[in-house]
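Trainee: I would like a close look at one part of this protein, the packing around one buried spot. Please walk me through what surrounds it, and then follow the neighbouring pieces outwards.

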Amino acid sequence: MQDDTDMNEDFKLLEPMDLITKSVDELRKIIKEKKEKAQKKKLRGKGKANADHKREPTRRTETEKQHKEKELEHDSERSDVMVLEGHTSEVFACAWSPEGSLLASGSGDATARIWTIGDGPFNYTIPNVLVLNHLDSQATEENKDVTSLDWNREGTLLATGSYDGQARIWKRSGKLASTLNKHEGPIMSLKWNKKGNYLLSGSIDTTAIVWDVKSGESKQQFGFHSGQLLDVAWRNNDSFATSSADSMIYVCKVGENKPVKKFSGHQNEINAIDWDPLGSLLASCSDDTTVKIWSMKQDVCLHDFREHSKEIYTIKWSPTGAGTSNPNQQLLLASASFDTTVKLWDVHQGRLLHSFNSHREPIYSIAFSPNGEYLASGSLDKCMNIWSVKEAKLVRTYNGDGGIFEVCWNKKGNKVAACFANKKVYVFDLRL
């Protein structure tokens with residue numbers, strides 16, 4: 001039998017109308033579905049209010065653990081794997097600095113860490129690590145998950161967004177440079193503009209804030225949405241898009257008090273948005289199982305891709321085509337879904353190019369290599385896969401012992417980091 005607090009938590013998941021109109025079995029089903037969704041959205045603090053997600057049991061037998069370690073050792077003979085240990089809770093986010101040798105990770109343990117990895121092959125010395133502590137004395141770890149990380153373009157400053165609603169800017173030495181305090185709920189997304197003079201944050205409190213980095217003050221707060229903000233994306237140095245649980249996208253500009261454009265068409269929460277390298281097309285993905293492409297030139301979407309069968313968690317444009325350092329390659333869009341597939345789209349022709357089908361659980365993260373030739377994907381099935389984009393085939397797969405929340409490539413494209421629910425960060429040295 002559930003105790004009363006559990007029951008109360010469950011009731012919070014129901015709409016008043018449901019209680020009047022639905023049978024007990026139907027209510028149970030609604031609660032079950034909402035809990036599953038909260039579990040999925042737990043990543044990056046989504047749905048964390050429903051804090052009763054079940055943690056993986058840690059009662060693994062020692063022998064099972066040893067087998068796993070052997071497996072990874074076996075892998076590492078082939079591929080060079082470095083395991084970064086130190087976090088004491090799930091690692092939600094990772095980001096290489098643009099100049100390449102520093103890797104930042106953010107965790108549910110209320111810290112971010114900056115690891116010095118270096119560009120060359122691993123030499124198996126334990127990497128130097130800086131711990132960026134997000135706890136002040138009276139706070140508990142509960143509301144201090146580090147949900148998002150972003151380096152400025154020079155790699156001199158790291159911004160972190162936290163479940164406590166604060167954004168923080170750190171020097172690469174690990175020193176706290178400023179605390180940006182105005183949001184009234186967890187930060188879901190945090191991005192520097194190219195110039196590095198503004199930082200943009202989006203929060204569960206339904207607002208986006210542009211911060212003036214020099215002064216550490218809010219430059220402008222944008223409150224157009226009626227639901228939690230789930231993602232933000234700069235279009236250029238002073239305009240950006242926001243997406244929300246309210247199914248809307250707004251394009252905003254610093255200094256303007258109204259959106260310069262609004263895109264409606266999604267039927268459910270919009271989990272991620274991303275501008276193409278030229279800032280002319282915006283891609284969005286949603287719990288409504290569609291990927292949509294929008295242009296500033298029109299109000300309705302340019303393309304409506306419906307080939308996924310479940311919620312789509314993330315999308316990424318390839319670093320190819322006009323406006324990139326790989327101008328002679330075709331521009332592609334990748335999407336990753338809870339239907340366990342990664343799909344590649346030719347946006348100019350408006351069609352599905354490839355579907356990559358080797359994961360067995362929801363996929364939370366995808367990342368293109370800097371040369372656009374490979375795509376990494378990380379899933380709750382504990383696997384990171386590396387695909388050849390041109391040949392549309394799996395070229396590497398790595399098995400860890402926890403679900404993967406984020407994957408990212410270093411600037412050179414010879415290392416991929418993956419952060420895991422088992423508190424570890426793995427760095428793979430790729431000789432592709």
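Mentor: Let's begin at Val-407, and keep in mind that we are looking at a predicted model. Leaving out residues up to four places away in sequence, Val-407 touches Cys-94, Ser-365, Ile-366, Ala-367, Ala-376, Ser-377, Gly-378, Met-384, Val-416, Ala-417 and Ala-418; a contact here is heavy atoms within 4.5 Å. One of these neighbours, Ala-418, is also the bridge partner of Val-407 in β31.

A few ground rules will help you follow along. Residues are numbered from 1 along each chain as its sequence is written, and side-chain values use heavy atoms, with hydrogens and water left out. Local features need pLDDT of at least 70 and side-chain atom pairs count only at pLDDT 80 or more, while totals for chains, interfaces and linings use all residues.

Val-407 is also among the residues with the most contacts inside the largest nonpolar core, together with Met-384, Ile-386, Trp-409, Val-416 and Phe-428. That core has 16 residues; by definition it joins buried Ala, Val, Leu, Ile, Met, Phe, Trp, Tyr and Cys through side-chain atoms within 4.5 Å. Buried means under 20% relative accessible area, exposed over 50%, and partly exposed in between, with a 1.4 Å probe and protein chains only. The elements giving two or more residues to the core are β27 (374–379), β28 (383–388), β30 (404–409), β31 (415–420) and β32 (425–429). Strands are DSSP runs of E with at least two residues, helices are runs of H or I with at least four, and both are numbered from the N terminus.

Three of those strands sit in an open sheet of four, whose order is β1-β32-β31-β30 and whose pairing is antiparallel. Its edge strands, each pairing on one side only, are β1 (81–84) and β30. Between β30 and β31 there are five bridges; strands count as paired if DSSP finds at least two bridges between them.

Now move to β28, where Met-384 and Ile-386 from the core turn up again. Six of the six residues of β28 are buried, and the covering extends to both faces: Cys-383, Asn-385 and Trp-387 on one side, Met-384, Ile-386 and Ser-388 on the other. So how is β28 held on either side along the chain? To β27, it is joined by five bridges, with the strands running antiparallel; the bridge partner of Gly-378 in β28 is Met-384. The β27 and β28 hairpin has three residues between the strands, and Lys-382 takes a positive phi near 75° there. To β29 (residues 393–399), six bridges join β28, again antiparallel, and Cys-383 has Asn-399 as its bridge partner in β29. In the hairpin of β28 and β29 there are four residues between the strands, and Ala-392 takes a positive phi near 55°.

Ser-377 brings these threads together, since this residue touches Val-407 and lies in strand β27. Ser-377 is fully enclosed by the calculation, counted as buried because its relative accessible area is 0%. Beyond its neighbours within four places in sequence, Ser-377 is in contact with Val-342, His-359, Ile-363, Ser-365, Ile-366, Cys-383, Met-384, Asn-385, Trp-387 and Val-407. Trp-387 deserves a second glance: the C-alpha atoms of Ser-377 and Trp-387 are 8.2 Å apart, although the two are ten residues apart in sequence. Their side chains make a polar contact at 3.1 Å, meaning a pair of N or O atoms within 3.5 Å, one able to donate a hydrogen and the other to accept it; residues adjacent in sequence count only if both atoms are side-chain atoms.

For comparison, take another serine. Ser-107 is found in strand β3 (residues 102–107) and is buried, with a relative accessible area of 0%. Its side chain reaches the backbone nitrogen of Asp-109 at 3.0 Å. Among the residues that Ser-107 touches are His-87, Ser-89, Phe-92 and Lys-144.

To place all this in the whole, the protein chain has four helices and 32 strands. Buried residues make up 55% of its 432 residues. Of the contacts between residues at least 6 apart in sequence, 46% join residues at least 24 apart.
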